[in-house]
Amino acid sequence: MAFTPLHDRILVRRIEGEEKTKGGLIIPDSAKEKPSEAEVISVGAGARKDSGELIPMDVKAGDRILFGKWSGTEIKLDGEDLLIMKESDVLGIIS
């Protein structure tokens, strides 16, 4: 994929949730919430301070992250549904 986000933006792929509950019930698509967990595909260079100094990104490609429910902009790239969001929308990195 030849796409690189600019500045402090990141490109992520949602990680789909479970199809069943712990009790074994199958969750229909209409009842599922969109997952708020994703894998980082690529990151921009980082934001800049007023002085022009680069602020490095805390996330990197391959990280698993949690993000807010309404975060990001959905796009379709190479037939795949992805999200572009600012690094500030990331709530944390899952280790």
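**Reading a chain of eight strands**

Author: Start at Glu 53. This residue sits in the loop between strand S3 (47-48) and strand S4 (54-55). Keep in mind that the model is predicted.

Reader: Is Glu 53 buried or exposed, or partly exposed?

Author: Look at relative accessibility. Buried means under 20%, exposed means over 50%, and partly exposed lies in between. Glu 53 has 45%, so it counts as partly exposed.

Reader: Which residues does Glu 53 contact, leaving aside neighbours within four places in sequence?

Author: Ala 47 and Arg 48.

Reader: Now the whole protein chain. What is its secondary structure?

Author: Zero helices and eight strands. Along the sequence the pattern reads β-β-β-β-β-β-β-β.

Reader: How much of the chain is buried?

Author: Of its 95 residues, 27% are buried. The accessible surface is about 6,800 Å², and carbon and sulfur atoms hold 52% of that.

Reader: How do I see which parts of the sequence meet?

Author: Take the contacts with a separation of 6 or more. In this chain, residues 24 or more positions apart account for 62% of them.

Reader: Where do nonpolar side chains go?

Author: In soluble globular proteins, they tend to be buried together. Here the largest nonpolar core has eleven residues, including Ile 10, Val 40, Met 57, Phe 67 and Leu 83.

Reader: Which strands supply at least two residues of this core?

Author: Strand S1 (9-14), strand S2 (37-43), S5 and strand S7 (80-86) each do.

Reader: Take one core residue, Val 59. What is it in contact with, beyond neighbours within four places in sequence?

Author: Val 59 contacts Ile 10, Val 43, Ile 65, Glu 87, Val 90 and Ile 93. Ile 10, Ile 65 and Val 90 also belong to the core.

Reader: Which residues make a nonpolar patch on the surface?

Author: Leu 66, Leu 91 and Ile 94 make one of about 270 Å². Leu 66 lies in strand S5 (residues 64-67). Its relative accessibility is 36%, so Leu 66 counts as partly exposed.

Reader: Next, charges. How many salt bridges does the structure hold?

Author: Eight. To read one, find the closest N and O atoms. For Lys 86 and Asp 8 they are 3.4 Å apart. This pair links distant parts of the chain: Lys 86 is in strand S7, Asp 8 is in the segment before S1, and 78 residues separate them.

Reader: Are Lys 86 and Asp 8 buried, exposed or partly exposed?

Author: Lys 86 is partly exposed, at 35%. Asp 8 is at 16%, so it counts as buried.

Reader: What about Arg 13 and Glu 39?

Author: Their side chains form a salt bridge, 3.5 Å from N to O. Arg 13 is in strand S1 and Glu 39 in strand S2, so the pair ties together parts 26 residues apart in sequence. Arg 13 is partly exposed at 27%, and Glu 39 is partly exposed at 31%.

Reader: Which network of salt bridges includes Arg 13 and Glu 39?

Author: A network that links them with Glu 80. Another salt bridge joins Lys 76 to Asp 81, with the closest N and O atoms 3.2 Å apart. Both Lys 76 and Asp 81 are exposed.

Reader: Last, the backbone. What sign does phi have in most residues other than glycine?

Author: Negative. His 7 has a positive value, with phi near 55°. His 7 is in the segment before S1. Asp 78 also has a positive phi, near 55°. That residue lies in the loop between strand S6 (73-77) and S7. At 64% relative accessibility, Asp 78 counts as exposed.

Notes. Residues are numbered from 1 along each chain as its sequence is written. This is a predicted model: local features need pLDDT of at least 70, side-chain atom pairs count only at pLDDT 80 or more; totals for chains, interfaces and linings use all residues. Side-chain values use heavy atoms; hydrogens and water are left out. Helices (H or I, at least four residues) and strands (E, at least two) are DSSP runs, numbered from the N terminus. Buried means under 20% relative accessible area, exposed over 50%, partly exposed in between (1.4 Å probe, protein chains only). Contact means heavy atoms within 4.5 Å. Accessible areas come from the Shrake-Rupley method with a 1.4 Å probe; for residues, only the protein chains shown count as cover. Patches are made of residues with over 30% relative accessible area and no salt bridge: like charges are joined within 9 Å, nonpolar side chains (Val, Leu, Ile, Met, Phe, Trp, Tyr) within 5 Å. A salt bridge is a side-chain nitrogen of Lys or Arg within 4 Å of a carboxyl oxygen of Asp or Glu. A nonpolar core is a set of buried Ala, Val, Leu, Ile, Met, Phe, Trp, Tyr and Cys residues joined through side-chain atoms within 4.5 Å.
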